[in-house]
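User: Could you teach me how to read a structure like this one, feature by feature? I would like the general idea and then the case at hand.

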Amino acid sequence: MEVVITRDADAAAEVVASVVARAIRDRPAPVIGLATGSSPLGAYRRLIERYEAGELTAAHASAVLLDEYVGLPADHPEAYRAFIRREFVDLIDLPTERLFGPDVTSDDLPDACRRYDRLIADLGGVDVQLLGIGGDGHIGFNEPGSSLASRTRIKTLTDTTRSDNARFFEDDEYDVPRHVVTQGLGTILEARHLLMIATGDGKAEPIARAVEGPLAAMCPASVLQLHPHATVVVDDAAAAGLQLADYYREAYAHKPDWQSL
Ligand code: GLP
């Protein structure tokens, strides 16, 4: 795992945007895994700016959602598909028909989950998977206790996550759906590059557990420790709990030219 510590959230967003832009530019049919939440928004904005400046096209790319609420009307603004379209996909030239998510309206959700894993495999797998981290260490909506080998499936949100996400539902946690479909931890691990972004002191504790704590279902993000190419981009505030912060800074400052993120 590589940990990149930046001085602030803007610099973290720039690092993440550069990695995603390179993947889009270098591959003939890139598949980008998109995360919701506030953490990746700065990176999305930078990618939109590059597109508007004529420096980036995603016309040949596909995107897959990490997770989705169950039970929201399809046109609900906080449905993750709507969120990602509004904040990113509709603002660049990635074709809307190549934005994929699990079919949460299916009468047979377990089958829809299996179909989603097959779809990702049929696309050739995810090249770069963006990830945020929840306060309890979740990634996607894999709450603590999730199997480290889990596939896309239905999950029940914890009260902590519903209360964290209430800010998107006019601060009413009762409006936050209880059920979701999320790519499993095993599904996420199949992406070729995992790229996590976390900023602010509220993320210091979960980042320390994910990066330097034991590999444990109690901290689902610790599954990144199993991946051969995982990059964690944090600002100084989110890095505050890392024991090896000085080492990560030094390693990044002396990164050989031939070795990209
Ligand atoms: C939600 C999403 C996660 C995201 C998390 C953190 O639970 N399902 O993918 O990482 O929120 O959100 P934020 O980045 O707003 O802190």
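Analyst: We will go through the sheet, the salt bridges, a buried lysine and the ligand site. Please keep in mind that this is a predicted model.

User: Let's begin with the sheet. In what order do the strands lie, and is the pairing parallel or antiparallel?

Analyst: A good habit is to write down the strand order, then look for the ends. Here seven strands make an open sheet, ordered β1-β10-β9-β6-β2-β3-β5, with parallel pairing. The edges are β1 (2–6) and β5 (99–100), each of which pairs on one side only.

User: Which residue is the bridge partner of Ala63 in β5?

Analyst: That partner is Leu99. The strands concerned are β3 (residues 62–65) and β5, which pair in the parallel sense over two bridges.

User: Now the charges. How many salt bridges does the structure hold, and how should I read one?

Analyst: The general idea is that side chains of opposite charge can pair when their charged atoms come close. This model holds 15 salt bridges. Take Lys255 and Glu2, whose closest N and O atoms are 2.9 Å apart. Lys255 sits in the segment after α8 (245–253) and Glu2 in strand β1, so this pair ties together parts 253 residues apart in sequence. Lys255 is also buried, at 16% relative accessible area.

User: Which elements hold Arg192 and Asp127?

Analyst: First the pair itself: the side chains of Arg192 and Asp127 form a salt bridge, 2.9 Å from N to O. Arg192 belongs to the loop between α6 (185–189) and β9 (193–198), and Asp127 to the loop between α4 and β6 (128–131), so the bridge ties together parts 65 residues apart in sequence. On exposure, Asp127 counts as buried at 4% relative accessibility, while Arg192 is partly exposed at 38%.

User: How far apart in helix α4 are Asp111 and Arg114?

Analyst: They are three residues apart in α4 (residues 109–122), a separation of about one helical turn. Their side chains meet in a salt bridge of 3.9 Å, N to O; since the cut-off is 4 Å, the pair counts as one. Asp111 is partly exposed at 24% relative accessibility, and Arg114 is partly exposed too, at 48%.

User: Which residues are linked in a network of salt bridges?

Analyst: Look at Asp10, Glu14, Arg46 and Arg50: salt bridges link these residues in a network.

User: What about a charged residue without a partner? Is Lys155 buried or exposed?

Analyst: For such a residue, check the burial, then the nearest opposite charge, then the polar neighbours. Lys155, in strand β7 (residues 153–156), is buried but has no salt bridge. Glu143 carries the nearest side chain of opposite charge, 7.8 Å away. The side chain of Lys155 does make a polar contact of 3.4 Å with that of Ser146. Leaving aside neighbours within four places in sequence, the contacts of Lys155 include Phe141, Arg178, His179 and Val180.

User: Last, the ligand. Which residues come nearest to it?

Analyst: Start from the surrounding residues, then pick out the polar atoms. Of the 14 residues around the ligand, Ser38, Ser39, His138, Arg167 and Lys203 come nearest. A polar side-chain atom of Lys203 is 2.5 Å from a ligand oxygen atom, and one of His138 is 2.7 Å from a ligand oxygen atom. Ile133 takes part through its backbone, with an N or O atom 3.3 Å from an oxygen atom of the ligand.

Technical notes. Residues numbered from 1 in each chain as written. Predicted model: local features only at pLDDT ≥ 70, side-chain atom pairs only at ≥ 80, totals over all residues. Heavy atoms only, no water. Pairing = 2+ DSSP bridges. Helix = DSSP H or I, 4+ residues; strand = E, 2+ residues; numbered from the N terminus. Buried < 20%, exposed > 50% of the residue type's maximum accessible area, 1.4 Å probe, protein only. Lys, Arg positive; Asp, Glu negative; His and termini not counted. Polar contact = N/O pair within 3.5 Å; in protein donor to acceptor, adjacent residues only side chain to side chain. Contact = heavy atoms within 4.5 Å. Near = heavy atom within 4 Å.
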